[in-house]
Amino acid sequence: MKSKLIFTALWLPLMLCSCNQPEADGNLAKVAGTLSDTATASSAPLNDTTLLPIAEVTLRALGNTLEEIKYDQDTLEVKAGAHVKLTFVNEGTDMPMVHNVVFTTPGNVEPVALAAAEVGASGNYVPASSAVLAASPMALPGQTVEMEFTSPTKKGNYGFVCTYPEHWNKMHGVLVVK
Ligand SMILES: [Cu+2]
């Protein structure tokens with residue numbers, strides 16, 4: 001698996017280069033050679049999910065009081081650079097059990113949550129910050145919302161958190177990017 005990833009990583013820039021500048025090179029033989037190499041290389045990844053892995057994830061919000069509320073998982077795992085399709089189910093039944101899922105850069109769950117409270121309802125509780133990677137819509141009690149985003153290309157432990165006021169301390173977790 002690892003060698004496959006390295007192979008893809010090495011070939012991608014070469015393929016892009018050969019597409020962008022075939023004529024600027026001026027060396028026809030060299031261009032022809034590059035093109036045929038590219039054709040060989042690009043035929044391989046057709047069924048190769050490492051090129052654009054898709055991660056389908058379901059996360060649930062549980063509980064009906066500020067003491068009870070939590071996500072059903074405290075860790076989510078996805079591959080680096082994956083197309084993530086997240087289904088977020090709010091199983092709460094009472095207001096104000098309004099929840100979202102905001103993904104953050106490593107170590108920024110608390111600052112993002114506190115900034116979100118300042119932004120308030122008019123800003124959908126999502127601060128304009130480079131620490132925010134992606135944010136779901138707010139899910140009202142009983143609602144299911146969906147979101148799609150590309151996971152970071154850099155491996156590491158990222159955060160996710162509900163930014164509805166006073167929920168973050170009970171509702172946060174780690175997005176492990178592998
Ligand atoms: Cu919440």
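Which residue in strand 9 is the bridge partner of Glu77? That partner is Val176, and the pair is a handy way into this predicted model.

**The chain at a glance**

First, how far to trust what you're looking at. The average pLDDT of the chain is 81, with 71% of the residues scoring at least 70. Over residues 1–45, though, the pLDDT is below 50, and that stretch has 16 contacts in the model beyond near neighbours in sequence.

As for the parts list, there are 4 helices and 9 strands. Going along the sequence, they come as α-α-α-β-β-β-β-β-α-β-β-β-β. Of the 178 residues in the chain, 25% are buried. Take the contacts between residues at least 6 apart in sequence: 70% of them join residues at least 24 apart.

**The five-stranded sheet**

Back to Glu77. Glu77 belongs to strand 3 (residues 75–78), where Glu77 and Thr75 make up the uncovered face, while Leu76 and Val78 are on the covered one. Strand 3 runs parallel to strand 9 (residues 172–177), and the two are joined by 4 bridges.

These two strands are part of an open sheet of 5 strands, in the order 3-9-8-5-6, with mixed pairing. Strand 3 and strand 6 are the edge strands, each pairing on one side only. From one strand to the next, the twist averages 25 degrees.

**Helix 4 and the core**

Now look at helix 4 (residues 109–119), which lies across strand 5, strand 6, strand 8 and strand 9 and runs at about 25 degrees to strand 8. Its buried residues are Val109, Val112, Ala113 and Ala116. Seen down the helix axis, they fall within an arc of 100 degrees, so they line one face of helix 4. The spacing fits a general rule: an α-helix has 3.6 residues a turn, so residues three or four places apart point the same way. Among the elements covering these buried residues are strand 5 (102–104), strand 6, strand 8 (156–161) and strand 9. Just after helix 4 comes Gly120, with a positive phi near 75 degrees.

Which residues of the largest nonpolar core touch the most other members? They are Val102, Phe160, Val161, Met171 and Leu175, out of 30 residues in that core. Two or more residues each come from strand 3, strand 4, strand 5, helix 4, strand 8 and strand 9. Helix 4 gives the largest share, 4 residues. It's a familiar theme: in soluble globular proteins, nonpolar side chains tend to be buried together.

Val102 is worth clicking on. Setting aside residues up to four places away in sequence, Val102 touches Val112, Val126, Val132, Ala135, Phe160, Val161 and Thr163.

**The four-stranded sheet**

There is also an open sheet of 4 strands, ordered 2-1-4-7, and here too the pairing is mixed. Strand 2 (70–71) and strand 7 (144–150) are at the edges with a single partner strand each, so one side of each is left without a neighbour in the sheet. Strand 1 (residues 54–62) and strand 4 (residues 83–90) run parallel and share 8 bridges, whereas strand 1 pairs with strand 2 in the antiparallel sense over 2 bridges.

If you want to trace the register by eye, here are some opposite pairs from both sheets:

| Residue | Opposite residue | Strand of the opposite residue |
|---|---|---|
| Ile54 | His83 | strand 4 |
| Thr58 | Thr87 | strand 4 |
| Leu62 | Lys70 | strand 2 |
| Glu77 | Val176 | strand 9 |

**A loop residue to finish**

Is Leu140 buried or partly exposed? Leu140 has 14 C-beta neighbours inside 10 Å, and because 20 or more would be needed to call a residue buried and 12 or fewer to call it exposed, Leu140 counts as partly exposed. Leu140 is found in the loop between strand 6 (132–135) and strand 7. Leaving out neighbours within four places in sequence, Leu140 makes contact with Asn90 and Val98. Gly92 is 48 residues from Leu140 in sequence, yet their C-alpha atoms are 8.2 Å apart in space.

Key. Residues are numbered from 1 along each chain as its sequence is written. This is a predicted model: local features need pLDDT of at least 70, side-chain atom pairs count only at pLDDT 80 or more; totals for chains, interfaces and linings use all residues. Two strands pair if DSSP finds at least two bridges between them. Two residues are in contact if their C-beta atoms, placed from the backbone, lie within 7 Å. The arc is that of the directions from the helix axis to the C-beta atoms. Axes are lines fitted to C-alpha atoms, for helices over the stretch in contact, and angles run from 0 to 180 degrees between N-to-C directions. pLDDT is the predictor's confidence in each residue, from 0 to 100. A nonpolar core is a set of buried Ala, Val, Leu, Ile, Met, Phe, Trp, Tyr and Cys residues joined through C-beta atoms within 7 Å.
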